[in-house]
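Hello,

Here is the structure I promised to pass on. Please have a look at it first; my notes follow below.

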Amino acid sequence: MSDFAAAIDRLLNQVRHWEERRWSQPAITTGQTRAQLVHNLAQHLADLGAEAEKSPRRELPLLHPMVLPDQLRVLADDILIAGPPPELLTRATTAVTEAHKTLFGYASPQPPTAPDQSHPRHP
């Protein structure tokens, strides 16, 4: 799984259950609502998807906040299916990570890494 796919999954796991009231609350570090922030992220991912597909950018419609997680999932999948260069995936990952920080005030937890095998333990 790519870093981008993991980052989008972590974000979606935290927001997909939100009700309308939670979407209307302000994000931790901006004056935007959570819905506005995630819509802006969705637009950025749509732009990156268009770049990956070498197609024109299109403005995303402003939909009801309850469908934002589905919209993010589709846009993320479009990017992954396009087979973008690593640099574009890095930009997409950074955008998702920054949105997570803005929504929650902290970076999303990283998946556990394998233990360091360079210094084996001695009994």
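Let me begin at the front of the chain. Ser2 sits in the segment that precedes H1. With a relative accessible area of 26%, Ser2 is partly exposed. Ser2 and Leu89 are separated by 87 residues in sequence, yet their C-alpha atoms lie 8.5 Å apart in space. Please keep in mind that this is a predicted model.

**Overall layout**

The protein has 5 helices and 0 strands. Along the sequence the pattern reads α-α-α-α-α. There are 123 residues, and 41% of them count as buried. Take the contacts with a separation of 6 or more: 69% of them join residues 24 or more positions apart. The accessible surface is about 7,700 Å². Carbon and sulfur atoms hold 57% of that surface.

**The core**

Which residues have the most contacts inside the largest nonpolar core? They are Leu45, Leu72 and Leu103, in a core of 32 residues. Helix H1 (3-15), H3, H4 and helix H5 (86-104) each give at least two residues to this core. H3 supplies the largest share, with 9 residues.

Leu45 deserves a click. Setting aside neighbours within four places in sequence, Leu45 touches Phe4 and Ile8. Leu45 is also in contact with Leu72, Leu75 and Ile79. Ala92 and Val96 complete the list for Leu45.

**Aromatic rings**

The count of aromatic pairs is 2. One of them is Trp18 with Trp23, in an edge-to-face arrangement. Their ring centres are 4.9 Å apart, and the planes meet at 70°. An angle over 60 degrees counts as edge-to-face, which is why this pair gets that label. Are these two rings buried or exposed? Trp18 is buried, at a relative accessible area of 2%. Trp23 is buried as well, at 1%. Ring pairs join Trp18, Trp23 and Phe104 into a cluster.

**Salt bridges**

Side chains of opposite charge can pair when their charged atoms come close. This structure holds 6 salt bridges. I will go through several of them.

Asp47 pairs with Arg57, with the closest N and O atoms 3.9 Å apart. Asp47 belongs to helix H3, while Arg57 is in the loop between H3 and H4, so this salt bridge ties together parts that are 10 residues apart in sequence. What about cover? Asp47 has a relative accessible area of 15%; the limit for buried is under 20%, so Asp47 counts as buried. Arg57, in contrast, is exposed, with a relative accessible area of 57%. Neighbours within four places aside, Asp47 is in contact with Arg57 and Arg58.

Now helix H5. Glu87 forms a salt bridge with Arg91, and the closest N and O atoms are 2.5 Å apart. Both residues lie in helix H5, 4 residues apart, or about one turn of the helix. Glu87 is partly exposed, at 45% relative accessibility. Arg91 is partly exposed too, with a relative accessible area of 30%.

Another salt bridge in helix H5 links Lys101 and Glu98. Here the closest N and O atoms are 3.3 Å apart. How far apart are Lys101 and Glu98 along helix H5? They are 3 residues apart, so about one helical turn separates them. Lys101 is partly exposed, at 33% relative accessibility. Glu98 is partly exposed, with a relative accessible area of 40%. Elsewhere, Asp9, Arg73 and Asp77 form one network, joined by salt bridges that share partners.

**A nonpolar patch on the surface**

One last place to visit. Which residues make the nonpolar surface patch of about 230 Å²? Leu63, Met66 and Val67 do. Leu63 lies in the loop between helix H3 (34-53) and helix H4 (68-82). Its relative accessibility is 40%, so Leu63 counts as partly exposed.

**Where to click**

For a quick tour, try these stops:

- Leu45, for its contacts with residues including Phe4, Leu72 and Val96.
- Trp18 and Trp23, for the edge-to-face pair.
- Asp47 and Arg57, for the salt bridge from helix H3 to the loop between H3 and H4.
- Leu63, Met66 and Val67, for the nonpolar surface patch.

Best wishes

Notes:
Residues numbered from 1 in each chain as written. Predicted model: local features only at pLDDT ≥ 70, side-chain atom pairs only at ≥ 80, totals over all residues. Heavy atoms only, no water. Patch = residues over 30% accessible without salt bridge, like charges linked within 9 Å, V, L, I, M, F, W, Y side chains within 5 Å. Areas by Shrake-Rupley, 256 points an atom, 1.4 Å probe, with all protein chains shown as cover. Salt bridge = Lys/Arg side-chain N within 4 Å of Asp/Glu carboxyl O. Buried < 20%, exposed > 50% of the residue type's maximum accessible area, 1.4 Å probe, protein only. Core = buried A, V, L, I, M, F, W, Y, C linked by side-chain atoms within 4.5 Å. Contact = heavy atoms within 4.5 Å. Phe/Tyr/Trp six-rings, centres within 6.5 Å; stacked < 30°, edge-to-face > 60°.
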